[in-house]
Amino acid sequence: MKRSEMDSTVGGVDWTSDDSSAPDLSRSDRAREFYEESIYKPAVVAWSDTRTRIGLLLMSVYLLMAFVAVTGLWRTPTSSQAPERYMQPFQNWAYPLGSTNAGVDIMALIIHSTDEMLLMILAGGVWATGLAVAVGTLAGYKGGTIDRVLMSFSDLVMAIPGLPLVIILAFTFNPRNPIFVGIIININYWAGLGRSLRSQVLTIREESYVEASRTMGVSTPRILRKDVIPNLMPYITVNFVFAARYVVFASVGLFFLGVLPYQQTNWGLTLQRAYSGGALFAPEAAHWLLAPMLAIGLLSLALILLGQGLDRVFNPRVRTRLAGESESTASEEDEDTFGGKVM
C-alpha cells in the first residue's frame, strides 16, 4: 500500500471516502439525499406517533385561526355586533361561541387573539432555547475561562426573580409588539436550561467520536453542530415546549392582571372581562369564561403532544431501532427476490 493510501486510512476507516465521493454526486442527487435524510425520513418517524398527529391537528387549527385573523376573513370583535347579549354557544351559527354582555362575538375574540399569541410563543421559545444552547454548549465544550465566565453570568441571571423582572421591564418599555413581549416574558428563562445543557455537554465531549473529530482537526463550530447538538436535541425539544407553554400561561396571567399593555384582543383580557362581568357565578355567562380557557388548554396540549412526538425523531435509540427494522425488511425483500439467498 502506498504511503498516501496509508495516511488516508486510519484505524481501518477511510476518512477521505466521503469527500472523494461527494463530487460524483450531482446537485439533484445531493438535494434528493438531503430531502430523504433530513425531511422525509424524520417526517415519517414523527408521523408514526399518534401524539404527533393529534398535536399537528390541534396546531393546524390555531394556525388556521391566525391566518383567518391576519387576512380578515372573520369579523373584528366590536360591541353590539351580536343580535343579543349573552347569546349561548351554538344557538346561532353565525356566532358559534355566543356573545358577551356587550354583544361581542366570542369567536372573534378567540380568533383575533391567536396570531399574536403564536408570535409570542415562537419568539419566547426561540429566545430561551437558542440562547441556552449557545451558552450551554460553548461553556461545556470549551471549558476553562469561557466556562467560568458564562456560568457565572448564568448564575447571576438565575438569581434575579423572573416575575418581578418581567413586571419592571413591562412597565419600563410598555411593549406592544408580540415578539418583544415573548422575549420579555422569557428574559431569564434560558439560564437554567443553559446550565443543564452544559452538564450534558461535559459528558458528550469525552465521547470517542468527538475525540476523533478533534484529532482530525475539525473546527469547533462544526463539532458542536454535527456531533454535540444532535445528541442534545431531545432535551432541547422538550425544553422548547416548556418555554413556549410558559409564554402562554405567563402572558395570559400578565394581561389578566393588567401588567402588560392593554390590547383589545387577548385571551387574558377576555378572561379578565369575563371575571369582572360575573361570568364565574352566572351560568348564562359561563361560555364567556370557558371559551378562552379551552383555547389556552388545547394550545398547551398541542405543544406537549408535538414535543413528545418529535422526541422520536431525535431519540438515538428510536433511530437505531427503526434503522434495524428497515435493514431487516430490506434483507427479507432480497431473500424473496433471489430465491431465499441474499446476493
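## Ground rules and overview

Residues count as buried when their relative accessible area is under 20%, as exposed when it is over 50%, and as partly exposed in between. F173 has 49% relative accessibility, so it goes into the partly exposed class. Keep in mind throughout that this is a predicted model.

On the whole-chain level, there are 14 helices and two strands. The chain runs to 343 residues, and 38% of them count as buried. Now take the contacts between residues at least 6 apart in sequence: 66% of these join residues at least 24 apart.

## Helix 5 and its two partners

Two packed helices are described by the angle between their axes and the distance between the axes. Helix 5 spans residues 106–142, and there are two packings of it to go through here.

Start with helix 6, residues 144–159. Its axis and that of helix 5 come within 7 Å and cross at roughly 145°. The crossing of helix 5 past helix 6 is left-handed. On the helix 5 side, the contact is made by V135, L138, A139 and K142. Helix 6 brings in G144, I146, D147, L150, M151 and S154. Sorted by class, that contact has six nonpolar, two polar and two charged residues.

Then there's helix 11, residues 220–257. Here the axes are 6 Å apart, and the angle with helix 5 is about 140°. Helix 5 passes helix 11 in a right-handed crossing. The residues of this contact divide into 19 nonpolar, seven polar and one charged.

## A66, looking towards T114

A66 is part of helix 4, which covers residues 50–71. Its relative accessibility is 11%, and that is why A66 counts as buried.

What does A66 touch, leaving aside residues up to four places away in sequence? The answer is T114, D115 and L118. For T114 there is a C-alpha to C-alpha distance as well: T114 and A66 are 5.3 Å apart in space, with their positions 48 residues apart in sequence.

## Aromatic pairs

A pair of aromatic rings is described by the distance of the centres and the angle of the planes. The structure holds eight such pairs. One of them is F173 with F180, an edge-to-face pair at 5.9 Å centre to centre and 70° between the planes. F180 has a relative accessible area of 35%, so F180 is partly exposed, and F173, at 49%, is partly exposed too.

The next pair to look at is Y189 with Y246, which is tilted: the centres are 5.5 Å apart and the planes are at 35°. Y189 sits in the loop between helix 8 (178–185) and helix 9 (190–204), and Y246 sits in helix 11, so this pair ties together parts that are 57 residues apart in sequence. Are these two tyrosines buried or partly exposed? Y189 comes out at 25% relative accessibility, so Y189 counts as partly exposed. Y246, at 34%, also counts as partly exposed.

## More on F173, and a charge over a ring

Back to F173, which is found in helix 7, residues 162–173. F173 and P261 are 88 residues apart in sequence, and their C-alpha atoms are 9.8 Å apart in space.

There is also a ring with a charge over it: R53 lies over the face of W47, at 5.9 Å from the ring centre.

## Positive phi in the loop between helix 4 and helix 5

If you're checking backbone torsions, have a look at S80 and F90. S80 isn't a glycine, yet it has a positive phi of about 60°. It belongs to the loop between helix 4 and helix 5. With a relative accessible area of 56%, S80 is exposed.

F90 is placed in the loop between helix 4 and helix 5. Its phi is near 65°, a positive value in a residue other than glycine. Is F90 buried or exposed? At a relative accessible area of 51%, F90 is exposed, because the cut-off for that class is over 50%.

Note on methods
Residues are numbered from 1 along each chain as its sequence is written. This is a predicted model: local features need pLDDT of at least 70, side-chain atom pairs count only at pLDDT 80 or more; totals for chains, interfaces and linings use all residues. Side-chain values use heavy atoms; hydrogens and water are left out. Axes are lines fitted to C-alpha atoms, for helices over the stretch in contact, and angles run from 0 to 180 degrees between N-to-C directions. Helices (H or I, at least four residues) and strands (E, at least two) are DSSP runs, numbered from the N terminus. A crossing is left-handed if the near helix is turned anticlockwise from the far one by less than a right angle, and right-handed if clockwise. Contact means heavy atoms within 4.5 Å. Ala, Val, Leu, Ile, Met, Phe, Trp, Tyr, Cys and Pro count as nonpolar, Asp, Glu, Lys and Arg as charged, and the others, Gly among them, as polar. Rings of Phe, Tyr and Trp (its six-membered ring) pair if their centres lie within 6.5 Å; planes under 30 degrees apart count as stacked, over 60 as edge-to-face and the rest as tilted. Buried means under 20% relative accessible area, exposed over 50%, partly exposed in between (1.4 Å probe, protein chains only). A charge sits over a ring if NZ of Lys or CZ of Arg is within 6 Å of the ring centre and within 35 degrees of the ring normal.
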